[in-house]
Amino acid sequence: MLTSRLARRGMVSAPHHLAAQAGLEILREGGNAIEAMIAAASACAVLYPHMTGIGGDGFWIIHEPGRPPLSIDASGAAGAGASLAAYRERGLARVPIHGPLAACTVAGALSGWQSALDVSSRWGGRLPLSRLLGEAVGYARDGFAVSHSQERALRRLLGGLKDQPGFAAQFLEADGRVPRAGALQRNRPLAETLEALAADGLDSFYRGAVGQKVAAALKAVGAPVTAGDLARHRSIRRRPLTLALDSAVLHTTPPPTQGLTTLMLIGLFQRAGLRDAEGAAFVHAMVEAAKVAYRVRDAKICDPRHMGVHPATYLSAQVLDGLAGEIAQGGGAPTPALSAAGDTVWMGAVDGEGRAVSFSQSLCHAFGSGVMLGDTGILWHNRGVAFSLGDPAVNPLVPGRKPIHALNPLLARLRDGRTLVFGTMGGDGQPQTLAAIFARHVLFGQDPQAAISAPRWLLTGGPGGRDGLPLAALRLESRFDPRVVEGLRTLGHCVTLTDAFDEAMGHAGALIRHPDGTIEGAFDPRSDGGLAGW
């Protein structure tokens, strides 16, 4: 029987078990949830380099008992050299997935770490940055075992990555082969960069000596991000988006993330009035609600400075009631263009004072742009692929503009007094996974570990048949009851079966703090992850 783990003094959930342990060590030393998350995030940047890194973006939801939660947008904008004209002159119809032109936005992750540490200092956080980054420095300098997930991702994407600047030297064997899971890997230049950041402060990445090295390396490979772009970057604290339900109040990150999509999906699903999480009706209602939410996302969500309507508009009861009428009862509505691609990490931390963090950090696709920056050890992300080179477009490539993000960590304050932080990786599929976990656990009472381990689905495809899949393909893990599979086909879905624990369904996790101080946790068996608590 799948059940969650319990602790009293603190707990960390991460998609790599050693990152969770790095966070726990900080809690044991008297650190708070934010300090634990910095340790886990930096360790994961070394241990899970295909999923996350300091050359990417991040988003935070932070909760302190008795105070409203806050969100941190630590995403970067397009560089000064990233314009429609510059890309069209090269005959490009879309932003490339790999290479220097894919490295077209500022990496904002470290600015989010600093903003979170500013909150931590108000809590009395006292551990030095050198300690918080210490585990990451050790793994980068002395080595770590390549994870199963890293090996799979590299085998899948090797063709587009192996010739990118500096990539093979860092991630491939001397003879060009993919390292097997368990092989020793180091990134000593990254260890030196992290040590420099610990000594000079995280702001050095944008306006200091580290930033100068980063800018010079970006220029050397021909990426369109400049020293001026780095210097102008700041993280932004925003009020989270909120959805009030009878069972909980949910909070997530506002645009440019697709957090609105997740809250809409949950709000629309609840209006279906289902009584359990079993059967084809449950999956069908989720899938059809997702289609409606994705259509809103694709038409409206972009850099918040350019949105014509406030995202909270779509979370009003009146609007959700109206959109619920668009949900197909049978036959399956048309599907927006959705990709199965998307790699990131979600991590959560809860400390003994009940302070909680829900955190996502990403390189976008696995290994991001594939571009290693000189002797910094930094792998740059490719979040700019979310921009469009078409005209007109909701998310056009414009210098200084932010692309839409799949990342959307969640926090829920349950009406019974519990606090839940949860999230997942999975690109376009994140809202589907998050809604399934929330419904199974909160609405239908499943144990959180059972809710995360249960069979999942992924709606993908759409116009153009992206990822080589059929149009409107509904991928189901093979553990689903055959009656569910046939029921969904009868309802008009194009169903394909995947592995029993398919990594494409996401690496999810959850932590729940109960009113009596007990902390309950769960992690995803589809990942290399784990829980660490005490």
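**Exercise 1. Work out what share of the 534 residues of the chain counts as buried.**

Solution. Begin with the term: a residue is buried under 20% relative accessible area, exposed over 50% and partly exposed in between, with a 1.4 Å probe and protein chains only. By this rule, 63% of the 534 residues of the chain count as buried. The structure is a predicted model, in which local features need pLDDT of at least 70, side-chain atom pairs count only at pLDDT 80 or more, and totals for chains, interfaces and linings use all residues. Residues are numbered from 1 along each chain as its sequence is written, and side-chain values use heavy atoms, with hydrogens and water left out.

**Exercise 2. Place Ala168 in the chain and decide whether Ala168 is buried, partly exposed or exposed.**

Solution. First, Ala168 lies in helix α8, which covers residues 167–171; a helix here is a DSSP run (H or I, at least four residues), numbered from the N terminus. Next, its relative accessibility is 29%, so Ala168 counts as partly exposed. Finally, from C-alpha to C-alpha, Ala168 is 43 Å from Arg513 in space, while 345 residues separate the two in sequence.

**Exercise 3. Find how the confidence of the model stands over the chain and over residues 464–470.**

Solution. The score is pLDDT, the predictor's confidence in each residue, from 0 to 100. The chain averages a pLDDT of 95, and 96% of the residues score at least 70. Over residues 464–470, however, pLDDT stays under 50, and the model has 15 contacts (heavy atoms within 4.5 Å) beyond four places in sequence for them. Where pLDDT is low, predicted coordinates should not be read in detail.

Note on methods: Helix = DSSP H or I, 4+ residues; strand = E, 2+ residues; numbered from the N terminus.
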